[in-house]
Amino acid sequence: MTTVIVYIKTNLLSITESRFAKNNCSSLPFASLGCGMNEEENAAFFAVKNNTFRILKGAETNILNDGKIDIKDEALKKLDYVIAGIHSSLKMEKSKMTERIIRAMKNPNVDIISHPTGRILKARDEYQIDFDKILRAAKEYNVILEINAFPARLDLNDQNIRRAKSAGVKMAINTDAHKKDQLRFIEFGIAQARRGWAEKEDIINTQPLEKLLAEFRFAERK
Ligand SMILES: [Zn+2]
């Protein structure tokens, strides 16, 4: 059976879109606790499971300036996987930005670092980071790096994918879709992975479910 992870931003869109529109929330169901959905509703929302597919509970969280995550650990522990990314204070000095991301990686609730360099094509450059240090930390703490397939991001780029592969760091291809029709961006992510010479075993969401789940840090969370 082929595993397909549809990241949280896109899960169950038909249910969430009306709710989010009503509450003026745009993306993350889990982060929507403050946007009109309480924790019980959120749990019920994800309790969808049958013999043909399983929906994984996850969230993309924010890495704060000091490297902490913006959602409390008790809440993160309830998820199947947690993505953490930088969405603010993008112009930090190189060593500080590197330490900020590494501190997030040390949090055992964090599985994946999203758009690891932060570039937006034709709009902004990468953040200043020591990518070798990031790779060493990813390897040490078993953190996965995202290949963000959104056309304006394509982050990791091909060269960084190659470096991650050489360092033995696993990657995940994520559409970053905020709408249903953006799920097709997965093809750009796959093309990007191939440009970086990544193979099936380097990309966690090509793996069967059990192998995929084994890549996440459940054991450390208990
Ligand atoms: Zn993000």
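Helices (DSSP runs of H or I, at least four residues) and strands (runs of E, at least two) are numbered here from the N terminus. The model is predicted, and for that reason local features need pLDDT of at least 70 and side-chain atom pairs count only at pLDDT 80 or more, while totals for chains, interfaces and linings use all residues. Residues are numbered from 1 along each chain as its sequence is written.

**Exercise 1. Place Gly189 in the fold and describe its surroundings.**

Step 1. Gly189 belongs to helix α7, which spans residues 186–195.

Step 2. A residue is called buried if 20 or more other C-beta atoms, placed from the backbone, lie within 10 Å of its own, exposed if 12 or fewer do, and partly exposed in between. Gly189 counts as buried because it has 26 C-beta neighbours inside 10 Å.

Step 3. Two residues are in contact if their C-beta atoms, placed from the backbone, lie within 7 Å. Once neighbours within four places in sequence are left aside, Gly189 is in contact with Ile147, Ala149, Ile173, Asn174 and Thr175.

Step 4. The C-alpha atoms of Gly189 and Asn148 are 6.4 Å apart, although 41 residues separate the two in sequence.

**Exercise 2. Determine which residues of α5 are buried, and what they pack against.**

Step 1. In helix α5 (residues 131–141), the buried residues are Ile134, Ala137 and Ala138.

Step 2. These residues lie on the same side of α5, because they cover an arc of only 105 degrees around the axis, the arc being that of the directions from the helix axis to the C-beta atoms.

Step 3. The buried residues of α5 pack against α4 (94–106) and β4 (144–148), whereas the face turned away from the buried side carries the exposed residues Asp132 and Glu140.

Step 4. After α5 comes Asn142, with a positive phi near 55 degrees.

**Exercise 3. Describe the largest nonpolar core and the contacts of Met171.**

Step 1. A nonpolar core is a set of buried Ala, Val, Leu, Ile, Met, Phe, Trp, Tyr and Cys residues joined through C-beta atoms within 7 Å. The largest one here has 42 residues, and Ile101, Met105 and Met171 have the most contacts inside it.

Step 2. Two or more residues come from each of β2 (81–85), α4, β3 (112–113), α5, β4, α6 (158–166) and β5 (171–174), with α4 giving the most, five residues.

Step 3. Beyond its neighbours within four places in sequence, Met171 has contacts that include Ile144, Leu145, Ile147, Leu156 and Ile161, and also Ala193, Ala198 and Ile203.

Step 4. One of these partners, Leu156, is found in the loop between β4 and α6, and the peptide bond leading to it from Asp155 is cis, with omega near 15 degrees.

**Exercise 4. Compare the settings of Ser89 and Lys122, two residues with positive phi that are not glycines.**

Step 1. Ser89, whose phi is about 45 degrees, is found in the loop between β2 and α4. Because it has 13 C-beta neighbours inside 10 Å, Ser89 counts as partly exposed.

Step 2. Lys122, whose phi is about 65 degrees, is found in the loop between β3 and α5. Because it has 6 C-beta neighbours inside 10 Å, Lys122 counts as exposed.

**Exercise 5. Summarise the chain as a whole.**

Step 1. The chain has nine helices and five strands, arranged along the sequence as α-α-β-α-β-α-β-α-β-α-β-α-α-α.

Step 2. Of its 222 residues, 36% count as buried. Among contacts with a separation of 6 or more, 69% join residues 24 or more positions apart.
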